[in-house]
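Visitor: Hello! I am new to this structure and would like to learn how to read it. Could we go through it together?

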Amino acid sequence: MTVLVDKETRVVVQGITGHQGTVHAHQMRQFGTAVVAGVTPGKAGTDVEGVPVFDSVRDAVGRTQANAACIFVPAPYAKDALLEAVDAGIRLCVVVTEHIPFHDMLVMYHYAKSKGTRIIGPNCPGIASPGKAKVGIIPNVVFHPGRVGVISRSGTLTYEIVSGIKEMGLGQSTCIGLGGDPVVGTSFVDALPLFQADPETDALVMVGEIGGTAEEDAAEYIRQHFTKPVVAYIAGRSAPPGKRMGHAGAIITRGKGTAETKVAALEAAGARVARFPYEIPRLVAEALGSAHR
Amino acid sequence: MVKLAEWQGKSVFRKYGVPLPRGEVARSAEEAETLVRSGAVPLPCVVKAQVLAGGRGKGGAVRFASTAEEARAAAAAILALEFKGEKVREVLLEEKLAIVRELYVSMTLDRTQRMPLLISSARGGVEIESVADAEIDRQTVDPFPGLTSYEKRRVAKVLGLSGPLVRSLDRLLDSLWNVFQHEDAELVEINPLAVVGDGLVALDAKVIIEDDASFRHPEYAEVRDDRTELEEIAREKEIAFVQLDGNIGVIANGAGLTMATLDVLKELGGAPGVFLDLGGTDDPKKVTEAFLLMARAKPASVFLNIFGGVTRCDTVAKGLVEAMRQVPSDERFPLIARIRGNNEKEGTEILRAAGVTSVPDLRASAQAAVDAARSKP
């Protein structure tokens with residue numbers, strides 16, 4: 001296993017008979033992923049493009065040895081879908097669904113953690129390792145196998161940046177879209193050790209956003225533990241303040257959470273920080289060059 | 001997010017048993033006077049503007065009255081206010097209590113710990129941002145056991161309470177926790193929480209409800225908020241739409257890409273005026289609606305920056321072409337497009353047929369949008 005997914009990954013798609021589920025099950029298979037099952041309650045015995053559909057995740061795992069779940073179930077039912085996957089023994093769940101209330105996600109996160117299941121997302125593009133497997137919705141066209149890892153809180157901005165890395169003639173080891181919701185299953189700090197330990201990753205691109213302190217926490221981890229070159233970008237430098245959250249929200253992050261504090265923390269940790277997305281590929285090339293010298 | 005006005009927050013509090021001053025809402029000076037005369041609001045009373053912005057006390061939006069005539073005059077004066085850009089539509093009249101001390105408690109989310117966060121301070125009645133860190137206590141509350149007795153005892157100690165006040169706090173914190181959880185709140189804040197006699201009373205209420213939970217809270221759908229009219233329409237159509245001060249409209253997909261686009265425009269000397277995030281859609285109708293909404297904001301130029309994933313470039317192009325047909329001639333604007341990713345070729349071709357060139361380079365296309373906005377009279 002490289003970072004979380006590899007050729008042994010066997011995916012069950014929850015909500016496979018819905019439009020997004022069907023489209024992306026197809027795309028995952030095109031990428032070379034073993035999509036072994038789908039789950040839609042009440043649709044057992046049918047199939048989606050040859051992928052067998054089951055009524056429950058337990059049935060799917062029993063019959064197909066699925067070991068990763070990709071969840072497209074609509075927000076009101078997503079919590080139940082995730083808890084079901086955890087109870088069926090799935091230890092990697094990518095939650096693509098957007099608009100899940102964070103109160104639901106709090107329950108999902110702590111329950112999954114207590115059972116040893118990792119959640120990626122929600123509201124995320126998922127994970128992909130070119131030449132190995134993809135669990136999620138990142139467009140296949142942006143990838144090329146290589147040695148640059150990517151972790152991001154954004155969706156489409158990640159595609160843009162991964163695509164830029166490919167156009168530079170470089171490729172990716174693993175790309176994880178963590179999702180930008182207030183509560184995420186896997187944060188930068190959770191993902192960084194995976195890339196540090198991954199022998200197939202030589203450099204890491206980290207794409208952050210304003211709000212919260214995930215980037216500052218990541219910077220602290222990088223400073224102390226991360227030995228590979230890091231190129232970072234923070235979106236939202238020009239965003240006006242105050243369009244979110246009230247008083248109590250502001251005081252948790254006192255003096256943190258702005259683009260300036262994030263950039264400063266990352267630079268202090270030795271990361272190369274791009275001012276604009278289009279600077280990233282060049283900085284990655286430079287970082288790789290100096291790392292090899 | 002849905003920000004509740006004080007009186008709306010207090011009606012939620014009442015449901016959960018939070019102790020409140022006796023009070024009523026009035027929408028006219030006459031109504032205010034009647035409420036006092038009928039005894040529904042005891043004298044002396046306080047008359048407070050129901051607006052979302054803070055700092056009402058200093059801004060003349062809170063007044064006191066000891067007669068029905070004074071209550072009427074206070075209500076009339078406050079209802080004539082426009083407080084920090086917000087028109088005052090309601091006043092809350094409440095009995096004036098003999099306050100011994102003012103405290104602070106709130107419940108919100110700690111994103112890093114992924115847990116609810118209970119914040120308390122003995123320094124209530126002032127903006128919490130102005131209170132020194134050392135005087136603010138924060139403890140996370142694990143959602144699984146929920147709020148425990150020992151956590152509540154810690155708050156009592158922080159607030160310096162003893163005797164019957166500890167029991168009053170115990171019940172109040174349970175209510176706060178229940179509001180936070182059951183109402184899907186992002187923030188529940190009581191500031192000030194007043195010591196009155198041997199009990200606690202919530203003098204103010206700040207409640208913010210999470211939008212994503214609207215499927216189980218239809219009761220908040222009608223709540224007036226501080227959104228602009230266009231932002232309200234966008235909300236109904238599930239399009240993320242924020243109005244800023246500049247004149248360039250930005251349509252992108254995904255919050256990160258949208259913000260990055262604003263950053264680039266600003267760096268190149270442009271001033272973004274509207275931020276519209278299409279999100280993930282493969283419905284051309286939604287794209288058309290988004291464009292028509294953008295047209296109503298009257299931008300000097302519009303920069304369309306799409307990276308196709310779930311959203312396909314040809315879907316966006318089709319929706320855009322349809323919108324251009326529908327936009328009235330006096331609302332037309334120069335359009336600079338950059339569409340990349342899934343079905344890029346098809347999308348680019350559809351746009352070309354409609355006379356719009358997609359420029360793949362981000363910097364070059366952003367520069368074109370800035371130049372177009374500048375040259376528009």
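Visitor: How many residues does helix 5 of chain B have, and how far does the helix reach from its first C-alpha to its last?

Guide: Happy to help, and please keep in mind that this is a predicted model. To read a helix, compare its span with the one expected at 1.5 Å a residue. Helix 5 of chain B covers residues 164–182, which is 19 residues, and its span of 27 Å is close to the expected 27 Å.

Visitor: Which residues of helix 5 of chain B are buried?

Guide: A residue counts as buried if 20 or more other C-beta atoms lie within 10 Å of its own. In helix 5 of chain B, leucine appears at Leu165(B), Leu169(B), Leu172(B), Leu173(B) and Leu176(B), and the other buried residues are Ser168(B), Trp177(B), Val179(B) and Phe180(B).

Visitor: What do those buried residues of helix 5 of chain B pack against?

Guide: Their partners in chain B include two helices, helix 1 (6–15) and helix 4 (149–159). The strands they pack against are strand 8, strand 9, strand 11 and strand 12 (199–202) of chain B.

Visitor: Which residue with a positive phi follows helix 5 of chain B?

Guide: That is Asp184(B), with a phi near 55°.

Visitor: How many residues does each chain give to the contact between chain A and chain B?

Guide: To read a contact, look at both sides: here chain A gives 49 residues and chain B gives 48. On the chain B side, the elements with two or more residues include strand 8 (101–110), strand 9 (115–121) and helix 7 (255–267). Helix 7 of chain B has the largest share, nine residues. By type, this side of chain B has 22 nonpolar, 15 charged and 11 polar residues.

Visitor: Why does the radius of gyration of chain A agree with a compact globule?

Guide: The idea is to compare the chain with a globule of its length: for 293 residues the expected radius is near 19 Å, and chain A has 19 Å, so the two agree. The C-alpha trace of chain A spans about 55 × 45 × 30 Å along its principal axes, and 60% of the residues in chain A are buried.

Visitor: Into which domains is chain B divided?

Guide: Chain B has domain 1 (22–95), domain 2 (101–219) and domain 3 (229–375). The C-alpha centres of domain 2 and domain 3 of chain B are 42 Å apart.

Visitor: What scores come with the model?

Guide: The model has an ipTM of 0.90 and a pTM of 0.92. For chain B, the average pLDDT is 92, with 98% of residues scoring at least 70.

Definitions and conventions
Residues numbered from 1 in each chain as written. Chains lettered and ligands numbered in written order. Predicted model: local features only at pLDDT ≥ 70, side-chain atom pairs only at ≥ 80, totals over all residues. Contact = placed C-beta atoms within 7 Å. Helix = DSSP H or I, 4+ residues; strand = E, 2+ residues; numbered from the N terminus. Nonpolar A, V, L, I, M, F, W, Y, C, P; charged D, E, K, R; others polar. Expected span 1.5 Å × (residues − 1). Buried ≥ 20, exposed ≤ 12 C-beta atoms within 10 Å, placed from the backbone. Rg over C-alpha atoms; globule rule 2.2 N^0.38 Å. pLDDT = per-residue confidence, 0-100. Domains from an automatic or database assignment.
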